[in-house]
Amino acid sequence: MRRLVDIRPQRASRLLLGALPIVVLLLFYLLASEARHADNPADKVLPTFAAMAQAAHDFTTQRDPASDRIVLVADTIASLYRLGLGLAIATATALFLGLLLGTVPLARALLGPMVAIIAVIPPVAVLPILFIVLGLDEASKIALIAIGIAPFMTRDLTGFVTGLPAEQFAKAQTLGANSWQLAIRVALPQLMPRLIEALRLSMGPGWVFLIAAEAVASDVGLGYRIFLVRRYFAMDIILPYVAWISLLAILADALLLFVSRRGFPWAHGGGR
Amino acid sequence: MTALLELRDIWVEYGDKIVLERVSLQLAEGSFVAVVGPSGAGKSTFLRLVLGQEAPTRGQVLLDGRPMRAECGPDRGVVFQRYSVFPHLTALGNVLFGIECAQAPVAARLFGAKRRAARDLAVEMLAAVGLEHSLGVYPAQMSGGMQQRLAIAQALVKHPRILLLDEPFGALDPGIRLDMHALITRLWQEHGLTIVMVTHDIGEAFKLGTRVLAFDKRRHDPHAPHRFGATVTYDLSLDRKNPPPPALVADLSGRLLA
């Protein structure tokens, strides 16, 4: 008798197994929605797929009066701009600090405790401060994402560099490397795949901070739209929006993985 | 002959724990020094001391008659048992690294004619260790033996005064190990190297070394095992033609296994 832990599904059955829970979930939603609509044809909590398709048609064709863009496009551009800029600032900061703190013990002693303290502050708790200091415009939202992500990313990258084998640093020094060369030729390249990994993991919190900031004060954006239509109980808009956000997140993740595999083949099990 | 490396009454202590005591040595240029001893007898500490990763608590280390700073430098090359090569660089990149560090302090990379010259040098070094067909291969795709060949080429391109080997062949298959013995012997002769090799393998030590140093504790306090440090208990000069007396080898092996 084979043990449960030894049964490894083939590729085809793996795809099938993976699709199964999703199909079950959709089916379950369909039945629940039908049941509610049988009770009350005007039900808004579990809209039918037809209603969602109609809503999706509306927000992909109608224009936002403020920007004269299609609603979904305007929201997506605004949100991705904030998220992208916030993540870029966080990544650049974390890369610089992680490299510095990881390779230079003096810098670690100086800045390590401060980074550790900042990292435990719940970012959304400082959102009011950001609104007061930076105003209600783009800057405060971008800052929330950057402040929310940069500290723990910095700690992760610092830990990674300090965890590189000491032999490598000794070897590099016997090959004549100075501190600068050690940082940019030994630590930095090995840090890059880890940076992308950290960025992939940060996407989740990044979206949370973005939607939180947009929910509180904004006039365009994916998070803004969801919280706006919530007032009218418009689940037929909220659900497709959530699906769209998930799709964007999956695409971003796949893109980062692709970049990492292409750029750093040695970190993914070799390859020339 | 003047000593290339001299240790004068070295003590290494970690708090209460004494690792090495009263180690005084002179290593001649061109010698192949094999260091043996049981685990915990300070072989690795001795190697780190010469490498400069560690400073002695007392005593002096002199390189070419001048006091050596406790810092790794290009005059002492090293090959560790593992993690000796950079996983993110190809074989060629690994060997180029040492040349690039010396010639490009800021960019740490070479371009144009300088790069071509450096590349020729690196390829020559890789050919010397038998890796001329693996220039573009990353370490993760190499066998253990190839990685150690690469590590040796990487170190030799800097022409170190001393090459330190820390159990370099310990993780290799017996057949590969024999190949590596032949390789390191050839390189030692051709390049006139001075080698200090730490090993667990007594046979390897006597086969390769022109001098075998055995580290062990002379005194032992069973109630305070850290009270006394290890020192050089045997110091044998060999020529590589005549084998050492079998009784002596048996005695040493017995001590090391005990």
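**Notebook: chains A and B**

I looked up helix H9 (residues 222-229) of chain A and found its buried residues to be A:Leu222, A:Gly223, A:Tyr224, A:Arg225 and A:Ile226. I count a residue as buried if 20 or more other C-beta atoms, placed from the backbone, lie within 10 Å of its own. Helices are DSSP runs of H or I with at least four residues, strands are runs of E with at least two, and both are numbered from the N terminus.

The model is predicted; local features need pLDDT of at least 70 and side-chain atom pairs 80 or more, while totals for chains, interfaces and linings use all residues. Residues are numbered from 1 along each chain as written, with chains lettered from A and ligands numbered from 1 in written order.

I then checked what H9(A) packs against: its buried residues meet helix H3 (71-103), helix H8 (179-216) and helix H10 (235-263) of chain A.

For chain A overall I noted 10 helices and 2 strands, in the order α-α-β-β-α-α-α-α-α-α-α-α. Of its 272 residues, 32% are buried. I read a radius of gyration of 24 Å for chain A, against near 19 Å for a compact globule of 272 residues; the radius is taken over C-alpha atoms, and the globule rule is 2.2 Å times the number of residues to the power 0.38.

In chain B I found domain 1 (3-75 + 160-257) and domain 2 (87-158), with bounds from an automatic or database assignment. Their contact takes 13 residues from domain 1 of chain B and 10 from domain 2 of chain B, a contact being two C-beta atoms, placed from the backbone, within 7 Å.

Technical notes:
Buried ≥ 20, exposed ≤ 12 C-beta atoms within 10 Å, placed from the backbone.
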